[in-house]
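Hello,

Here is the structure I promised to pass on to you. Have a look at it first, and then read on for what turned up when I went through it.

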Amino acid sequence: RQAGPRDRRPAAVMFQQFLSLARRGCAEDPGILPLSLFQPNDTKQLVKLYQLTHKLPELVHYLLCQHVFPLTMNFQQLKVSASGHELGSGILFGARVGFSGTPSNLLPMDLGGFQHDAQGNFLGCQYEPGSDGKIIHVLTNPAVTTSRVLADNWAPQSLLREIASAQPPPHALIDTGAFITNMDNEEVAHFLLK
């Protein structure tokens, strides 16, 4: 319940604002009553309101942010997380379709992490033959990549500025040496888009 004159209550003002936005471009007044007189159980009134406002971006945004997201996206104080090792093992799931991640010989036991051959040699992770060679081939192909020597006084931000202003513009930034420090991927993306 909101106090004050009916037409000045926050809900009534907002209702009128949405109706005004929705009426833009309408040749005639659809005849929707003010909120104080509107009857949601009257099918004719509700259909008129729906037809006028169901594609109004401002109303959709309001409903999502004020009603849908708060109910469906409750964030908890405690975040449950798992590493790739845990996800690939039987700790969380009884069956796994596959396992991927940063190449290393760390492999969950459930996926053969401690397999040995007939002579007792540790097998470790079995990489797809030729994968490393294909990656090296693409990353060293002058038709795909370019390289340049940096000045001695370079810094992560100056490197990013140089990349952002490069002609022709690059299609990807692969930071194989982890040169861009103190910035996560999203921060780098925002910096490049400035």
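Glu 58 and Arg 24 meet through their side chains in a salt bridge, at 3.9 Å from N to O. Glu 58 belongs to helix H3 (residues 57-72) and Arg 24 to the loop between H1 and H2, so the pair ties together parts that are 34 residues apart in sequence. Glu 58 is partly exposed, with a relative accessible area of 32%, while Arg 24 counts as exposed at 54%. Please keep in mind throughout that this is a predicted model.

A search of the whole structure gives 2 salt bridges. Besides the pair above, Arg 23 forms a salt bridge with Asp 29, and here the closest N and O atoms are 3.5 Å apart. Arg 23 is partly exposed, at 26% relative accessibility; Asp 29 is exposed, with a relative accessible area of 56%.

Now for the overall picture. The protein chain has 7 helices and 0 strands, and from the N terminus on its elements run α-α-α-α-α-α-α. Of its 194 residues, 15% are buried. If you take the contacts with a separation of 6 or more, residues 24 or more positions apart account for 26% of them.

Next, the helices at the N-terminal end of the numbering. How do H1 and H2 cross? The axes of H1 (residues 10-23) and H2 (residues 43-53) come within 9 Å, with a crossing angle of roughly 60°. The two helices are therefore oblique to each other. On the H1 side the contact is made by Phe 15, Leu 19, Ala 22 and Arg 23, and on the H2 side by Leu 49, Leu 52 and Thr 53. Sorted by class, the residues of this contact are 5 nonpolar, 1 polar and 1 charged. Arg 23 thus appears twice in my notes: in the contact with H2, and in the salt bridge with Asp 29.

H1 also meets H3. Their axes come within 9 Å and cross at roughly 145°. Met 14, Phe 18 and Leu 21 in H1 are in contact with Glu 58, Leu 59 and Tyr 62 in H3. This contact has 5 nonpolar residues, no polar ones and 1 charged. Glu 58 is worth a second look on your screen: this residue of H3 takes part in the contact with H1 as well as in the salt bridge with Arg 24.

H2 has two sides that you can pick out by accessibility. Its buried residues are Gln 45, Leu 49, Leu 52 and Thr 53. Seen down the axis of H2, they fall within an arc of 80°, so they line one face of the helix. That fits the general pattern: an α-helix has 3.6 residues a turn, so residues three or four places apart point the same way. The buried residues of H2 pack against H1 and H3. On the face turned away from the buried side, H2 carries the exposed residues Thr 43, Lys 44, Tyr 50 and Gln 51.

A small point about the loop between H1 and H2: Gly 31 is placed there. Gly 31 is partly exposed, with a relative accessible area of 40%. From C-alpha to C-alpha, Gly 31 and Gln 45 are 8.7 Å apart in space, and they are 14 residues apart in sequence. Gln 45 is one of the buried residues of H2.

Finally, the other end of the chain. Which residues of H6 (residues 156-164) are buried? They are Pro 156, Leu 159, Leu 160 and Ile 163. Viewed down the axis of H6, these residues fall within an arc of 100°, so they line one face of the helix. The partner they pack against is helix H7 (185-193).

The loop between H6 and H7 holds Pro 168, and a cis peptide bond joins Gln 167 to Pro 168, with omega at about -5°. As a general matter, most peptide bonds are trans.

Happy viewing, and do write back with any questions.

Best wishes

Notes:
Residues numbered from 1 in each chain as written. Predicted model: local features only at pLDDT ≥ 70, side-chain atom pairs only at ≥ 80, totals over all residues. Heavy atoms only, no water. Axes fitted to C-alpha atoms, helices over the stretch in contact; angles between N-to-C directions. Helix = DSSP H or I, 4+ residues; strand = E, 2+ residues; numbered from the N terminus. Parallel < 35°, antiparallel > 145°, perpendicular 65-115°, else oblique. Contact = heavy atoms within 4.5 Å. Nonpolar A, V, L, I, M, F, W, Y, C, P; charged D, E, K, R; others polar. Buried < 20%, exposed > 50% of the residue type's maximum accessible area, 1.4 Å probe, protein only. Arc of directions from axis to C-beta. Salt bridge = Lys/Arg side-chain N within 4 Å of Asp/Glu carboxyl O.
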